[in-house]
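Work through the exercises below with the sequence and model open. Try each task before you read its solution.

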There are 2 protein chains.
Amino acid sequence: MSEEKSDRRVQRTRQLLHDALIALILEKRYDKITVQDIIDRANIGRSTFYAHFLDKEDLLISGFHAFDDEINEYMKNEAHASESEEHLLHSLIFFRHAYANRDLYRAMLEGGGADTLMDTARRHITENIRSHLAEALSEESETAVPLSVVTSFLAGAMLSVLTWWLDADLPYPPEQINRMFQELARTGVQSMLAN
Amino acid sequence: MSEEKSDRRVQRTRQLLHDALIALILEKRYDKITVQDIIDRANIGRSTFYAHFLDKEDLLISGFHAFDDEINEYMKNEAHASESEEHLLHSLIFFRHAYANRDLYRAMLEGGGADTLMDTARRHITENIRSHLAEALSEESETAVPLSVVTSFLAGAMLSVLTWWLDADLPYPPEQINRMFQELARTGVQSMLAN
DNA sequence: ACATTACTGAACAAATTGTTCGATTACTAC
DNA sequence: GTAGTAATCGAACAATTTGTTCAGTAATGT
């Protein structure tokens, strides 16, 4: 797992640019952010920017890849720690990770115009859910609702609740919001209406 | 309900511009579309464009308002026709309306970069669900899960399933996809795992 | 300490945006 | 139908933004 980038300068430059972009996304809409804004904030020369990234979006995507690696690492470490039989997807891990990285998540999920990130996040969660569901629904159990629909249902609900939670400024701890989500996902809204 | 715009020219111009934008969104990402693209497609002069709209986004939003009015009209007409006691939200109406206006919905939900529309759509659905739920959960029924969370859960799931359905090229009729959604929303995933 | 590699900053063409204005055309009301 | 009003056209414009180039300077690794 040795990093290929030995030169500190490239690490610093890339980090500064990523940080600057995240900070700016939290301030204004992604599509209103210019390359000039980014390099001013990062205090990096114009030509240097283009030496590292193709354009603004390349920086954004590249930033997400780093994030992607991190969350995968995070999941590997936390996966066995959580009682996975009990839950129908690793949602707690997402809530915990979002809790620890609020700003990044906010930038990702609310940052206007940066739906490349939203899409990637959705794909990520969707994949997680799909694999999780696939083993839960052992082979031939034919259900009335196709796997794709269930997956899309849960992924959408998950992302939406996550976004609401961040938007509302984390009114509950990760464990609690996760319990609510799991409850809704498992038994549906019916139980709430039955009293 | 008289229209204020008597002059045909302005109606034509605005319509042409709206149509051109929708067509273009279905072809390429919203943020890659220039004003020049739009007026070329619509065959409208540059100065005319700016006589009607502030910029590209203004055109987009204004287009959605027309859509917004239409779906409200649609819901008023269809609402009593559907047996609303049976369902926990008017999802069937959305599925039907999306079925009848595929292209517009696709442009709205998948059109890269146009998340202004996605947001508005989400807000619209959220509002619908909230009011619907509010009366279902009569006054003081204190539930473990707050209304905001349920609302966000259902709205996200609804939008996600709707998008999946459009993406998959309408593999089921509106009634069927709606049944699946209602089933998942009402009884959750539990029932599927219990066999 | 030395060779290598990255960063700087200024200058550049190209594309895009949003505005202005006089000439032309279409519309409505009468 | 015609006259007056209002909308459209199109060309020209400054201002931004983008992405590239290159020679000079600084930092880095060995």
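The exercises go from one chain to the chain pair, then to the DNA and a single residue.

This is a predicted model, in which local features need pLDDT of at least 70, side-chain atom pairs count only at pLDDT 80 or more, and totals for chains, interfaces and linings use all residues. Residues are numbered from 1 along each chain as its sequence is written, while chains are lettered from A and ligands numbered from 1 in the order in which they are written.

**Exercise 1. The fold of chain A**

Task: count the helices and strands of chain A.

Solution. Take helices (H or I, at least four residues) and strands (E, at least two) as DSSP runs, numbered from the N terminus. Chain A then has 10 helices and 0 strands. Along the sequence the pattern reads α-α-α-α-α-α-α-α-α-α. Next, burial. A residue is buried if 20 or more other C-beta atoms, placed from the backbone, lie within 10 Å of its own, exposed if 12 or fewer, and partly exposed in between. By this count, 32% of the 195 residues in chain A are buried.

**Exercise 2. Relating the two chains**

Task: find what turn and shift lay chain A on chain B.

Solution. Superpose by least squares on the C-alpha atoms of residues with pLDDT of at least 70 in both copies. A turn of 180° with a shift of 0.0 Å along the axis gives an RMSD of 0.1 Å. That is the relation of a two-fold axis. The same surface serves both copies, and 100% of the contact residues of chain A recur in chain B.

**Exercise 3. The interface and the core**

Task: work out which helix gives the most to the side of chain A that touches chain B.

Solution. Count two residues as in contact if their C-beta atoms, placed from the backbone, lie within 7 Å. The contact takes 35 residues from chain A and 35 residues from chain B. On chain A, H7 (115-136), H8 (147-167), H9 (174-187) and H10 (190-193) each supply at least two residues. H8(A) gives the most, with 12 residues. This side of chain A holds 19 nonpolar, 12 polar and 4 charged residues. Here Ala, Val, Leu, Ile, Met, Phe, Trp, Tyr, Cys and Pro count as nonpolar, Asp, Glu, Lys and Arg as charged, and the others, Gly among them, as polar.

Now the core, a set of buried Ala, Val, Leu, Ile, Met, Phe, Trp, Tyr and Cys residues joined through C-beta atoms within 7 Å. The largest has 90 residues, and those with the most contacts inside it include Leu154(A), Met158(A), Leu154(B) and Met158(B). Beyond four places in sequence, Leu154(A) touches Leu89(A), Ile129(A) and Ala185(A).

**Exercise 4. The DNA**

Task: name the helix with the largest share of the surface near DNA strand C.

Solution. Near means a C-beta atom, placed from the backbone, within 6 Å of the strand. Strand C is surrounded by 22 residues, with Thr13(A), Gly45(A) and Ser47(A) among the closest. H3(A) gives the largest share, 4 residues. For strand D, the largest share, 4 residues, comes from H3(B). The surface near strand C divides into 5 nonpolar, 8 polar and 9 charged residues.

**Exercise 5. One arginine**

Task: decide why Arg106(B) counts as partly exposed.

Solution. Arg106(B) lies in H6 (residues 102-110) of chain B. It is partly exposed because 18 other C-beta atoms lie within 10 Å. Outside its neighbours within four places in sequence, Arg106(B) contacts Leu26(B) and Leu166(B). In H6(B), Tyr105(B), Ala107(B), Met108(B) and Leu109(B) are buried.
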